[in-house]
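Trainee: I am new to this structure and would like a close look at a single part of it. Could you take me through the surroundings of one ligand, step by step?

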There are 4 protein chains.
Amino acid sequence: MKALRLEATGKLALREVERPDPGVGELLVRVEACGICGTDRHLFLGEFPSKPPVTLGHEFCGIIERVGDGVSGFREGMRVTGDPNIACGQCPECQRGRVNLCHNLQATGIHRDGGFAEYVCIPQQKAFELPLALPPLHGAFCEPLACCIHGVDLAEIRTGSSVVVLGGGVIGLLVVQLARLAGATKVVLVTRSEEKRRVAERLGATANADPSVGDIVSRLTAHDGLLPGGADVVIECAGVAETIEQAPGLARRGGTVVILGVMPQGVKVAIEPFDLLFREIKLVSSFINPFTHRRAAELIASGTIQVEPLISRRIGFKEGVEAISNPARKGEIRALVVPGID
Amino acid sequence: MKALRLEATGKLALREVERPDPGVGELLVRVEACGICGTDRHLFLGEFPSKPPVTLGHEFCGIIERVGDGVSGFREGMRVTGDPNIACGQCPECQRGRVNLCHNLQATGIHRDGGFAEYVCIPQQKAFELPLALPPLHGAFCEPLACCIHGVDLAEIRTGSSVVVLGGGVIGLLVVQLARLAGATKVVLVTRSEEKRRVAERLGATANADPSVGDIVSRLTAHDGLLPGGADVVIECAGVAETIEQAPGLARRGGTVVILGVMPQGVKVAIEPFDLLFREIKLVSSFINPFTHRRAAELIASGTIQVEPLISRRIGFKEGVEAISNPARKGEIRALVVPGID
Amino acid sequence: MKALRLEATGKLALREVERPDPGVGELLVRVEACGICGTDRHLFLGEFPSKPPVTLGHEFCGIIERVGDGVSGFREGMRVTGDPNIACGQCPECQRGRVNLCHNLQATGIHRDGGFAEYVCIPQQKAFELPLALPPLHGAFCEPLACCIHGVDLAEIRTGSSVVVLGGGVIGLLVVQLARLAGATKVVLVTRSEEKRRVAERLGATANADPSVGDIVSRLTAHDGLLPGGADVVIECAGVAETIEQAPGLARRGGTVVILGVMPQGVKVAIEPFDLLFREIKLVSSFINPFTHRRAAELIASGTIQVEPLISRRIGFKEGVEAISNPARKGEIRALVVPGID
Amino acid sequence: MKALRLEATGKLALREVERPDPGVGELLVRVEACGICGTDRHLFLGEFPSKPPVTLGHEFCGIIERVGDGVSGFREGMRVTGDPNIACGQCPECQRGRVNLCHNLQATGIHRDGGFAEYVCIPQQKAFELPLALPPLHGAFCEPLACCIHGVDLAEIRTGSSVVVLGGGVIGLLVVQLARLAGATKVVLVTRSEEKRRVAERLGATANADPSVGDIVSRLTAHDGLLPGGADVVIECAGVAETIEQAPGLARRGGTVVILGVMPQGVKVAIEPFDLLFREIKLVSSFINPFTHRRAAELIASGTIQVEPLISRRIGFKEGVEAISNPARKGEIRALVVPGID
Ligand SMILES: NC(=O)c1ccc[n+]([C@@H]2O[C@H](COP(=O)([O-])OP(=O)(O)OC[C@H]3O[C@@H](n4cnc5c(N)ncnc54)[C@H](OP(=O)(O)O)[C@@H]3O)[C@@H](O)[C@H]2O)c1
Ligand SMILES: NC(=O)c1ccc[n+]([C@@H]2O[C@H](COP(=O)([O-])OP(=O)(O)OC[C@H]3O[C@@H](n4cnc5c(N)ncnc54)[C@H](OP(=O)(O)O)[C@@H]3O)[C@@H](O)[C@H]2O)c1
Ligand SMILES: NC(=O)c1ccc[n+]([C@@H]2O[C@H](COP(=O)([O-])OP(=O)(O)OC[C@H]3O[C@@H](n4cnc5c(N)ncnc54)[C@H](OP(=O)(O)O)[C@@H]3O)[C@@H](O)[C@H]2O)c1
Ligand SMILES: NC(=O)c1ccc[n+]([C@@H]2O[C@H](COP(=O)([O-])OP(=O)(O)OC[C@H]3O[C@@H](n4cnc5c(N)ncnc54)[C@H](OP(=O)(O)O)[C@@H]3O)[C@@H](O)[C@H]2O)c1
Ligand SMILES: [Zn+2]
Ligand SMILES: [Zn+2]
Ligand SMILES: [Zn+2]
Ligand SMILES: [Zn+2]
């Protein structure tokens, strides 16, 4: 079968490899689509550790081709989304229920062969059924959505809250929808691209702002701004120093800042402790998807969360090599590798 | 009566002023002791805003001399501790229950005449009875203890947790005791002064460390350190850039950092977002004493929290002027102004 | 001015009384509407304690006619809704922030003159501005909505949750809307009246059920029921033994039951501890509106929560006497006393 | 090897069976001690479902005799305690992190061969190291302690809280200690046996009461009682209707009741909804040990929780048959089967 293999840092190739066999308790899934995420680019560049040679791709869905021994509840022909993150169950973090912080986390598409391939094997505990009636590409959004659900859970949004979302990529645009769903009645998306701001409006953002014009913090929080005094919750989804430094200032007294965006390791940003303390701002970070993938699958399956507007490109394996080896195209929200294209 | 009056920035004087009359719902309290806190020095230096001319002193206790009209539940002769912070009840923060973040907070000893005087007037809602059998100076520790209780509540310590406390002043030494009380089985106090580390040991710290020797973070969290992998909870009680920057590194994956220490306004410190995110460190700040003063009074009254070892000096009003106008003496934990001395 | 006075148990009369003067920090409000609630009937019947002679009415809104001394932030001509519940600030519950449990709670319309009158006086801390553009009767729903917000907060609904609401009165129909707003994607209203089920559908309930047909618990939670295995959250809004006993059975493993409905004092219902334990059902009760009235005012002001369909009758004072002295009419959701009618 | 086998309801026998071999990822443990718990008696009587023929015993510890393939972090000769509860990882409850509510829970000693034997096999994820220096029987208390930790976590005890514990068996006496550890400054144990009340005193209870004398609720909560107005937290550890019905009345306004005791299936008790609502009492139940076994092992290992006073009898296998087939002896706290005795 075809697979996009990371063979070493900076070396990604389309290869013909053997189709895997599902082990005990595993499902062999014929991939329908697999999203290209910033993490794939980090892995390619060696900025995040992986275990080459390995097939990349951790945002995938597909149809069960074959089930291994000991599988129950799944049958050939079912559609599933896979949660890539496999916790060990044995380290202190697993044993206190913080499975996303597992010391021995193994991720499909990073440490074991992933979804940029015609087939992928996953443990049945990491598979979640999706309806066959669903448009086949939608399932590839379950993984990023599961991460966003975790972040929005941490935000503890209450009915009537106001939320600022910083960054209008796929994460930001899912968070906008989740924030509305969670009861926020004001959701302001801040992103530079005009196009993404338009998408956000369609997805439920009540307002938008372009951070490149003037000082976004004072503009939004001013007496006559969109959110006088700041927002109840600020969710950072850009992963750049600028937005992380802006985030506390956009929160109101007693507000919460949730960081979803990933900065490079070792890079520091500046915060003002006095301001955090006198206004008692809570600063939490959200890492991947503990116990949220099933909820993601359900929200995608029911169409509650819209993902169609987030699909920028459908590409084949060959184009996939290029797409992963280079930065995302300007304005692109999500490109998906779809086996069969090309 | 005698009172220490802040008359302008940098101008503090012992004055003879008129004894106040308790208004409706107020108590006139004969002060038994009033602690000198870093905040008093900030007020003197104009680093925190106040409303001179005003009598300073917000950590006080005493005996009710007279009760105003409409007072119920209090009588002359009772001993009380006063919570200095008076919220307006009407701003958005008060009306969402975040009274410590009140937009119109009025504090006794900052905005209205305080406890460095022979008498002080306080609203009955801000008075809490203490037993007459209690050593008279102990009540002056209720206010800082109430702040620490709030911080330790935010830390969500569970039975069997490990805690690092940074800074061995009065706040750190109260937090050490509260952390033990809250179920932490390992409590490590980090402070430079040998003497304070000895006091901490007597108060329940299970270990101590001197931060001036080597790199405290790697030393404590190393495989063979006191807290391999870090502590469940880190409570910053020094209020300096160094400790705030160290705090996240001292926390384990999934750990919580609580900042109690106050840095000067405008000063920034550096954090590493990647580290906070991948280890999902929660960073919260604790500001004063919302709904905790009564609990503080009870823990002092019952002797559960020890304060005798925290009393470094008992001084009169005259010496008070000097003590407030200058930095704390080396090794001093708490100096108290005691009317009648001198 | 006209006022509906409870003069003794069972003795309610329309009287001409003197218009009150706003005291210090008080607002005199010209009443636009005041809802008749089950509590008013309990007070009339002496089933809940009150302090006759007193003007009833605790769900009111109106226009500020005059402001007392010391009022800030309010002016004549503003529209406000009043939170009737005035906590003492001094009892142990107030001082731990549980103000709705205040030992000395004084409620406008129960212990002090209320809103079934041409004018009512309220403390400024208990007034919340509403836009003048709002239909004048809507503000009368802030009080019940604030109670429902508290209940729904306690339910800790997360995005994608399922919720059963038992009872389709004004409380149930507000809770249906709040549950949707809070992120529930399935909200099933259970009430006997066909008409109320239709209203619920218009207000966002995703399904309905008539409890009088068969066994509602097994019907809803069966494999082929609306909520196989039960709901994440069950909110009881009927206040009858039947629904309280049904509630745990309607919850899924690990689910939460919130009781908003008020049963008569002393009456007991049966629960099965084994079932609560093995399925770890959480059972919480929600009492009035701690720190939620401002949020209610905002949700009404913005039209996020719809109240127009909840208005069954607009009546004058004279009809009000009758309406309060008798049970609610069949199918009636909320009757409002509107000064000027009749 | 010797093993106590449940062969059918009411049929328990000491048998010679083959020593098991550790499977992949499993440990073969030479049992040092295994506690006899009420659950064993329920299994014997067929009151709880099990899968005979099976070796009973779920509260065990021992020395690793052999490790299966794929085991890491464990070696022969280590001492371990085993968490008996094995969740499937695949049902909705597992996938939302509520592993104790797993639909397919498999428990060692109930569904798979347990600890009343010379050897037992357990998955490495369910093993937790204990120091070799620990008295060998102490490890048998990790399992009940882990259940109690879960219950005490749910109680959300804060520093300075008051707690009533109902029932002075092994659960109650562990909960007394945990409540103190969690910061409760008043812990009142209510149990009928004088002897158990004495043990409780030694273990940290600040007071005791005999429920057979007069009305325990009014006695404790009266103005001049041990806990005027009630306790912040009530933890039910007796599992009888009487104590479950008493529990809410023992809680103060805003208090929490945690039920740990197990009543028979189908049996109902009466609660008063009015009282729960007007005093906003929270009623939660605690089922087994989600993510708490490691903490239990640490608290036993460090001696923070004392278990020596809870050991009533050490018996051999033969006596074990009798002990399990009959009710606990009067005054007995915990009897342990110790291989090698007899
Ligand atoms: N925590 C987790 O579990 C998790 C999971 C998945 C992804 N992530 C991280 O989340 C972040 C977002 O992921 P993504 O896939 O949505 O990436 P993305 O497409 O790169 O989105 C980030 C967006 O932020 C916007 N942006 C950049 N600078 C900005 C600024 N100064 N102010 C406002 N917006 C700015 C950009 O849009 P404009 O050009 O419109 O400004 C960009 O599209 C990444 O850092 C990713 O690594 C985290
Ligand atoms: N959040 C609140 O509500 C609240 C309330 C009250 C006070 N505070 C703040 O809490 C902080 C502590 O108050 P305090 O009264 O205890 O003040 P303090 O006496 O000044 O105590 C701070 C201690 O930190 C230690 N320290 C300084 N640098 C250190 C370092 N690099 N590493 C470790 N320890 C260091 C010092 O002791 P050594 O000389 O032994 O190092 C010093 O005594 C202050 O910033 C105060 O403003 C906050
Ligand atoms: N906790 C608080 O803070 C708070 C605040 C306000 C009100 N309350 C209480 O909340 C409850 C509801 O208030 P409300 O104003 O909405 O009163 P309501 O109009 O009496 O509504 C209750 C509804 O429950 C329905 N019902 C009766 N028996 C039922 C059953 N067996 N199954 C399903 N539904 C049933 C009835 O509608 P059908 O005829 O359609 O069945 C009735 O309209 C009352 O008990 C009230 O005292 C509590
Ligand atoms: N939730 C869980 O995860 C979990 C885990 C383990 C056990 N449990 C359950 O927890 C309960 C306690 O377990 P255990 O091993 O400690 O059992 P136990 O030894 O039977 O202890 C219960 C004690 O309650 C006391 N008691 C009985 N009636 C009482 C009354 N009316 N008032 C006060 N005390 C009364 C008895 O002592 P006196 O004779 O002194 O009154 C008895 O010793 C059992 O129901 C057990 O099934 C639950
Ligand atoms: Zn792990
Ligand atoms: Zn305020
Ligand atoms: Zn009160
Ligand atoms: Zn399961």
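Mentor: What follows is a walk around ligand 3, with a short look at two of the chains at the end. Please keep in mind throughout that this is a predicted model, and that the values below are computed from it.

Around ligand 3 there are 25 residues, and those that come nearest are Thr191(C), Arg192(C), Ser193(C), Lys196(C) and Ser286(C). One of these, Arg192(C), has an N or O atom in its side chain that is 2.7 Å from an oxygen atom of ligand 3. The backbone takes part as well: a backbone N or O atom of Val170(C) lies 3.1 Å from an oxygen atom of the ligand, and a polar backbone atom of Ile171(C) is 3.0 Å from an oxygen atom of ligand 3. On its own, ligand 3 has 900 Å² of accessible area, of which the protein covers 84%. Two elements of chain C, helix H4 (170-181) and helix H7 (241-250), each give two or more residues to this shell. By character, the residues of the shell divide into 12 nonpolar, nine polar and four charged.

Turning from the ligand to the chains, chain B is superposed on chain A by a rotation of 180° with 0.0 Å of shift along its axis, at an RMSD of 0.0 Å. These two copies are therefore related as by a two-fold rotation axis. The same surface serves both copies, since 100% of the contact residues of chain B recur in chain A.

Methods
Residues are numbered from 1 along each chain as its sequence is written. Chains are lettered from A and ligands numbered from 1 in the order in which they are written. This is a predicted model: local features need pLDDT of at least 70, side-chain atom pairs count only at pLDDT 80 or more; totals for chains, interfaces and linings use all residues. Side-chain values use heavy atoms; hydrogens and water are left out. A residue is near a molecule or strand if one of its heavy atoms lies within 4 Å of it. A polar contact is a pair of N or O atoms within 3.5 Å; within protein, one must be able to donate a hydrogen and the other to accept it, and residues adjacent in sequence count only if both atoms are side-chain atoms. Accessible areas come from the Shrake-Rupley method with a 1.4 Å probe; for residues, only the protein chains shown count as cover. Helices (H or I, at least four residues) and strands (E, at least two) are DSSP runs, numbered from the N terminus. Ala, Val, Leu, Ile, Met, Phe, Trp, Tyr, Cys and Pro count as nonpolar, Asp, Glu, Lys and Arg as charged, and the others, Gly among them, as polar. Copies are superposed by least squares on the C-alpha atoms of residues with pLDDT of at least 70 in both. Contact means heavy atoms within 4.5 Å.
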